[in-house]
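Visitor: I should like to learn how to read the arrangement of chains and strands in a model of this kind. Where should one begin?

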Number of protein chains: 2
Amino acid sequence: MKSLPDSVLAAMRKTNELFDSELVKHQNFAALDRVYTSDASILPPGAPMIEGRDQIKAFWKQAIASMGVTSAKLATVSAEAAGDGILEIGKADLTVGDGQTVTVKYVVYWKQENGTWKWHVDIWNTN
Amino acid sequence: MKSLPDSVLAAMRKTNELFDSELVKHQNFAALDRVYTSDASILPPGAPMIEGRDQIKAFWKQAIASMGVTSAKLATVSAEAAGDGILEIGKADLTVGDGQTVTVKYVVYWKQENGTWKWHVDIWNTN
């Protein structure tokens, strides 16, 4: 386990917070440009792998609307330097349409793109 | 994307095949010593994260029995060097009790332990 500088952890927190502040709260899906690398992959439960940021935007637009997500709080459980990237294990508490909380756990492999830390591989499931 | 030497890909294939040949076919859960690092974590759908190889053995013993898995064919979709480790995206075709095939996709972060490539972080979900 190689620990990460505070500045990197802060940058990760900033990216993670965009998901709630921009996507969920303001349906600003263009903000995913700051969250995912252009050639990122996501592996959502109940669907095949999706490759590329444009396809990922379309997925989240549909998924956030259909689940009625009103809040998404992401928290890093562990983060480890892995070559040019970072391996993060995290959890997300989602508030959905009926006010219920859904807890999701995830693994994200991060890469830097134009100096910004972004999600490059993103897979999750529910508890 | 840093490509991996054929010898590493072959070692990964060998580890991946143990899952079917030892666990599923022979209920030899001790073989997980050769599959997971001693401090590995798994993030199974429908359950919280499980840490440590002993706990992981208990999980698979119960899960393989309860799902009635009779075959598990793992295939690497992509594998990339990431520091001391490897980030693998893969898919698994499981044959379960009633003869149906369940397709699972996964992300595994590999590490070497005593010279053997093993799964260190393992998360999956269904399509």
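**Reading the interface and the sheets**

Guide: Let us begin with a single contact in this predicted model: Lys111(B) forms a salt bridge with Glu80(A), their closest N and O atoms lying 2.7 Å apart.

Visitor: How many salt bridges are there between chain A and chain B?

Guide: The count is two. Polar contacts form a further category, and twelve residue pairs across the interface of chain A and chain B satisfy that rule, both residues being at pLDDT 80 or more.

Visitor: Which strands of chain A supply the side that touches chain B?

Guide: Strand E3 (71-82), strand E4 (85-95), strand E5 (101-113) and strand E6 (116-126) of chain A each supply at least two residues of that side. Classified by residue type, this side of chain A has 17 nonpolar, five polar and five charged residues.

Visitor: What is the extent of the contact, in residues and in buried area?

Guide: Chain A contributes 27 residues and chain B contributes 27 residues. Together the two chains bury about 2,100 Å², of which 68% is on carbon and sulfur atoms.

Visitor: How should one describe the relation between two copies of a chain?

Guide: In general, a rotation about an axis and a shift along that axis relate the two copies. Here, a turn of 180° with a shift of 0.0 Å along the axis lays chain A on chain B with an RMSD of 0.0 Å. This is the relation of a two-fold axis.

Visitor: Which residue of chain A comes closest to the rotation axis?

Guide: That residue is Gly83(A), whose C-alpha is at 1.6 Å from the axis. As for the surfaces involved, 100% of the interface residues of chain A are also interface residues in chain B, so the copies meet through the same surface.

Visitor: How do the strands of a sheet pair?

Guide: Strands pair through backbone hydrogen bonds, in either a parallel or an antiparallel manner. In chain A, six strands form an open sheet of mixed pairing, in the order E2-E1-E6-E5-E4-E3. Strand E2 (50-51) and E3 of chain A stand at the edges with a single partner strand each, so one side of each has no neighbour in the sheet.

Visitor: Where can one see each kind of pairing?

Guide: For the antiparallel kind, E4(A) and E5(A) are joined by ten bridges; Thr95(A) stands opposite Thr101(A) in E5(A). For the parallel kind, four bridges join strand E1 (residues 36-43) to strand E6 (residues 116-126) of chain B, and the bridge partner of Leu43(B) in E6(B) is Ile123(B).

Notes. Residues numbered from 1 in each chain as written. Chains lettered and ligands numbered in written order. Predicted model: local features only at pLDDT ≥ 70, side-chain atom pairs only at ≥ 80, totals over all residues. Heavy atoms only, no water. Least-squares fit on C-alpha atoms with pLDDT ≥ 70 in both. Contact = heavy atoms within 4.5 Å. Buried area = accessible area lost by both parts, 1.4 Å probe. Salt bridge = Lys/Arg side-chain N within 4 Å of Asp/Glu carboxyl O. Polar contact = N/O pair within 3.5 Å; in protein donor to acceptor, adjacent residues only side chain to side chain. Nonpolar A, V, L, I, M, F, W, Y, C, P; charged D, E, K, R; others polar. Pairing = 2+ DSSP bridges.
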